[in-house]
Amino acid sequence: CSRFLHVTETVEDVVKQGLMQRKLGQITGTCFQRCVGMDALNSSFSVTYEIDAECGTTYHTRLRNFISMMQRENFVLGGAMTDGKGDRSKAPSQQADPDLFLRVVKQLPDGVVIRGAKV
């Protein structure tokens, strides 16, 4: 199984994944477009488990099947993440449209309210 498609299970896995990403970045001298995909797999794995436990849905089983298919076929899961940009000469707080950047708009005792874009 490709290390790029491995769901981390231990602290050691997380450390090794980080070291692998750093080494590949050093070797290639650039982004290799897989960090976001690995992060998406790991975060989706735990989130779908929690959603299914609370709501009785089957997202986690479906995700596990998807990951198994990706591993079996040795597919690549890539991704990208950026801000909506707006006027690049201005800081996020100086943009005419505040929703061009992700921001916390309210802090609550049980979490935060966020608005804006992260694409």
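These legends describe close-up views of a predicted model.

**View 1. Six residues form the largest nonpolar core.**
The members are L5, V7, L41, L63, I67 and M70. Helix 3 gives the largest share of this core, three residues. Helix 3 spans residues 59-73. One core member, I67, touches L5, V7, L41 and F45, leaving out residues up to four places away in sequence. In soluble globular proteins, nonpolar side chains tend to be buried together.

**View 2. Q17 is a buried residue of helix 1.**
Helix 1 covers residues 11-28, and Q17 lies in this helix. Q17 counts as buried because its relative accessibility is 9%, and buried means under 20%. Which residues is Q17 in contact with, leaving aside neighbours within four places in sequence? They are R3, H6, T8, M38 and N42.

**View 3. K16 and E12 form a salt bridge within helix 1.**
The closest N and O atoms of K16 and E12 are 3.2 Å apart. Both residues lie in helix 1. They are four residues apart, about one turn of the helix. K16 is partly exposed, because its relative accessibility of 45% falls between the limits of 20% and 50%. Side chains of opposite charge can pair when their charged atoms come close.

**View 4. R103 and D99 meet in a salt bridge.**
Here the N to O distance is 2.9 Å. Are these side chains buried, exposed or partly exposed? R103 is partly exposed, at a relative accessible area of 29%. D99 also counts as partly exposed, at 35% relative accessibility. A search of the whole structure finds two salt bridges.

**View 5. N74 has a positive phi.**
The phi of N74 is about 55°, although N74 is not a glycine. Most residues other than glycine have a negative phi. Where does N74 lie? Its place is in the loop between helix 3 and strand 1. N74 counts as exposed because its relative accessible area is 53%, and exposed means over 50%.

**View 6. Strands 1 and 2 pair in an antiparallel hairpin.**
Strand 1 holds residues 103-108. Strand 2 holds residues 111-115. How many bridges join strand 1 to strand 2? There are five, and the strands run antiparallel. A hairpin of two linking residues joins strand 1 to strand 2. Among the bridge partners, K106 is matched with V113 in strand 2. L108 is matched with G111, also in strand 2. In a regular strand the side chains alternate between the two faces of the sheet.

**View 7. Four residues make a nonpolar surface patch.**
L102, V104, V112 and I114 make this patch. Its area is about 350 Å². L102 lies in the loop between helix 3 and strand 1. Why can L102 count as partly exposed? Its relative accessible area is 42%, so this residue sits between the limits for buried, under 20%, and exposed, over 50%.

Technical notes. Residues numbered from 1 in each chain as written. Predicted model: local features only at pLDDT ≥ 70, side-chain atom pairs only at ≥ 80, totals over all residues. Heavy atoms only, no water. Patch = residues over 30% accessible without salt bridge, like charges linked within 9 Å, V, L, I, M, F, W, Y side chains within 5 Å. Areas by Shrake-Rupley, 256 points an atom, 1.4 Å probe, with all protein chains shown as cover. Salt bridge = Lys/Arg side-chain N within 4 Å of Asp/Glu carboxyl O. Buried < 20%, exposed > 50% of the residue type's maximum accessible area, 1.4 Å probe, protein only. Pairing = 2+ DSSP bridges. Core = buried A, V, L, I, M, F, W, Y, C linked by side-chain atoms within 4.5 Å. Contact = heavy atoms within 4.5 Å.
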